[in-house]
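Me: I have a structure here and want the terms behind its description spelled out. Please set each value against its cut-off.

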Amino acid sequence: MSPAADLTALANEAAHIANPHGDEGERYTAVNSEANRSLYASRVKIYPKLVHGSFRRLKWIVMAITLGIYYLTPWIRWDRGPNLPDQAVLLDFPARRFYFFFLEIWPQEFYYITGLLILAALGLFLVTSVAGRVWCGYSCPQTVWTDLFVTVERFFEGDRSARIRLDKQPWSLGKFGRKFAKHITWVLIAIATGGAWVFYFADAPELARQLLTFQAPMIAYLSIAIFTATTYTMGGLAREQVCIYMCPWPRIQGAMFDEESLLVSYKEDRGEQRGPHKKGASWEGRGDCIDCGQCVAACPMGIDIRDGMQLECIQCALCIDACNEIMDRVERPRNLIAYDTLRNQERRAKGEPTKLSLLRPRTIVYIVVLATVGLIMLYALVNRETLQVSVLRDRNPLFVTLSDGSIRNGYAVKIVNKDHDAHDYVISIEGLPNARISRVGALGEESSTVTVGPDTLANVKFFVTLPAADLPQLDDGKAEFHFVATAIDDGKRAIRDTSFRGPEK
Amino acid sequence: MSDNPHKHKDDVSGVETTGHEWDGIKELNNPLPKWWLYTFYACCAWAFVYWIFMPAWPHLSTEGWTYTKGVLGYEQRQSVADELAAVQAGRADQLAEITTKPLVEIAENPALMELALAGGKAAFGDNCAPCHGSGAQGSKGFPNLNDDDWLWGGTLDDIHTTLQHGIRWEADDETRFNIMSAFGKDEILTPAEISDVADYVLSLSGTQAEAEAIARGQEVFANNCVACHGEDAKGNQELGAPNLTDAIWLYGGDKATIVQTVSNGRGGVMPAWSSRLDEGTIKQLTLYVHSLGGGQ
């Protein structure tokens, strides 16, 4: 087949197929083109065509990496010593711990997660202001899984035109077989997705064994079932509708990028006037767009990039690859569709030289805020204490007068040992001369040593008694002092301020 | 509006409007989505099923307002009672152990002790707090149970006996009993002698008064008080006689209160709890009170 005939065939194919609402005389229309958009439209199935090129290759790589991270992370081991789980990433709800490699988060340290979410949000803002919806186009789970599901569909049903033909055919054993194989594979992928999810919440090898022998907790099977259903529905059936109708991000993004952001765009100045082109004909007086419709055929969102910036566009750049394939064939320069800025389009229209300004007030502000939050988190992380003491003074009764006239206060002392080994801590008081400390339950014993297990918290009650002769040191019935916990083995100390109350005189 | 003179077909959607118009915005008369409609019908059907099986409609009867009970006989009050019973049943073994085991053994068993202290705290709030205070801090005439001063003894067994049989609780034959005479009212001592003995008692815990009065008071004390309070005035827990030399005063440590105490006598009453609470609860209370900081 000659290249020209090939292109005519492509154009005809596009005209026939992607024109569900098309009028006479209009050769093809994108499913979600502006003309076809109605408030009450029912969904028209999109058949994305496979393209080849650098962005498609990049998307394969990103897909491999992100899926690899998702499926394999729970299986990474991380030695934390004999007392703690050896799973690198584990959300241990029963024990109320979140393990992330070297990091270990207690419930009261959940602000680390808040910080991570803030970092993620700011990162998203920054990337979006620089290069548009990179997240949507490459790494969003919806995009990755949809891409995977479309690949499976393509494997069983063929590429775009074969799939369209198949759907138009009456039901036959062959059609049923292909459809059945596709759905079964989808379900298996969905089960694997739901299955991988639960491994983040329990020891992966142990849970896998339980799952296979039907001894796993009901909640594990239920979670797998829910995630299987959502993965199958979102990735296999709903696809682009999730991005267009369910996701809030397309609505927010409009505020995130500006005329200097790199967006996947059609270079109208170079492409127009578009029109079919015969091999050997002159390129004078016309644009480079030969109106072959390949950008539309490749689009997983069913839009025509040449309509300009659109809410539906996830900026996956597949139309760039599709167009570049054609540009190579018709021997015109590549990148008729490319990452481009609105400002540069204006500049080219005016004949000015184009330039990129990635560092502009918006991105600088994002970078500064991102760096600040990152540094604060890093500081908090580096200075994380493995020993903490908190003290709650009894308020009922406020104080107790003993028979020798001394005054006694009660304190609930919590000693948090975030270390991976058990430690013995001596609890003492400082700043209240002559006061005696005694451990409740060990009354009369001098020992105020508390053993706290690895990664646990001990709740111990102490009495502090101030002799009658020392009561004058109370100021208006009150004195400040502090509890000190000192590890016997490594001498690590933690201090907590509290107060002592006596009669007001 | 109801006659729909404004009803017309919308140009864009081709759908008829309801005729309602607000600031130029008209409402399309679209049919309900089918899934929504069928869910609504299913909910209506479910409501009828629910009325039959569950408590539903209030109605008047000869005994006033009542409601349809439903054929399943479900009752929230009953389900709460069932849950409580299930909790009790789950603890039955441990509670039986608390009832039968000696107090010292319970105190040495961390699991039993945890349950006993929790149960004791709850029982204290229900039964003891009205007099002794929610923090067991006591008040005038009602001893503070946190301190180290005990009228009738602060060992586990002493506290247990006090709880079981009460103090001056006449309905209980084994109740702790002793009476401090009303030395003034019964004219055993003259007001001057009472003033002297009060000065003497105050001097025991360091409050100075006229030396002669103290000497006279010591004489009065030796003749009238030592039988219960002891020659050194340190009291006698067998008789519930308080230690008069320490810093803790049940009724007050100023001279006027001491004069009043000597003149009229004192005789606080505590109920015998064995007739009101079961042995397990009394033991939990014993361990709880003992744990407050003064237990011996």
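Reply: A polar contact is a pair of N or O atoms within 3.5 Å; within protein, one must be able to donate a hydrogen and the other to accept it, and residues adjacent in sequence count only if both atoms are side-chain atoms. By that rule, seven residue pairs are in polar contact across the interface of chain A and chain B, both residues at pLDDT 80 or more. This is a predicted model, in which local features need pLDDT of at least 70, side-chain atom pairs count only at pLDDT 80 or more, and totals for chains, interfaces and linings use all residues. Residues are numbered from 1 along each chain as its sequence is written, and side-chain values use heavy atoms, with hydrogens and water left out.

Me: What makes up the contact between chain A and chain B?

Reply: Contact means heavy atoms within 4.5 Å, and 13 residues from chain A and 19 residues from chain B take part.

Me: Why is A:Cys136 called buried?

Reply: A:Cys136 has a relative accessible area of 6%, and buried means under 20%, exposed over 50%, partly exposed in between (1.4 Å probe, protein chains only). A:Cys136 is therefore buried.

Me: Why does A:Cys247 count as partly exposed?

Reply: The relative accessibility of A:Cys247 is 27%, so A:Cys247 falls in the range between the two cut-offs.

Me: How do you know that A:Cys136 is in no disulfide?

Reply: A disulfide needs a pair of cysteine sulfur atoms within 2.5 Å. The nearest cysteine sulfur to that of A:Cys136 belongs to A:Cys247, 6.2 Å away, so the pair does not qualify. Over all chains the structure holds zero disulfides.

Notes: Chains are lettered from A and ligands numbered from 1 in the order in which they are written.
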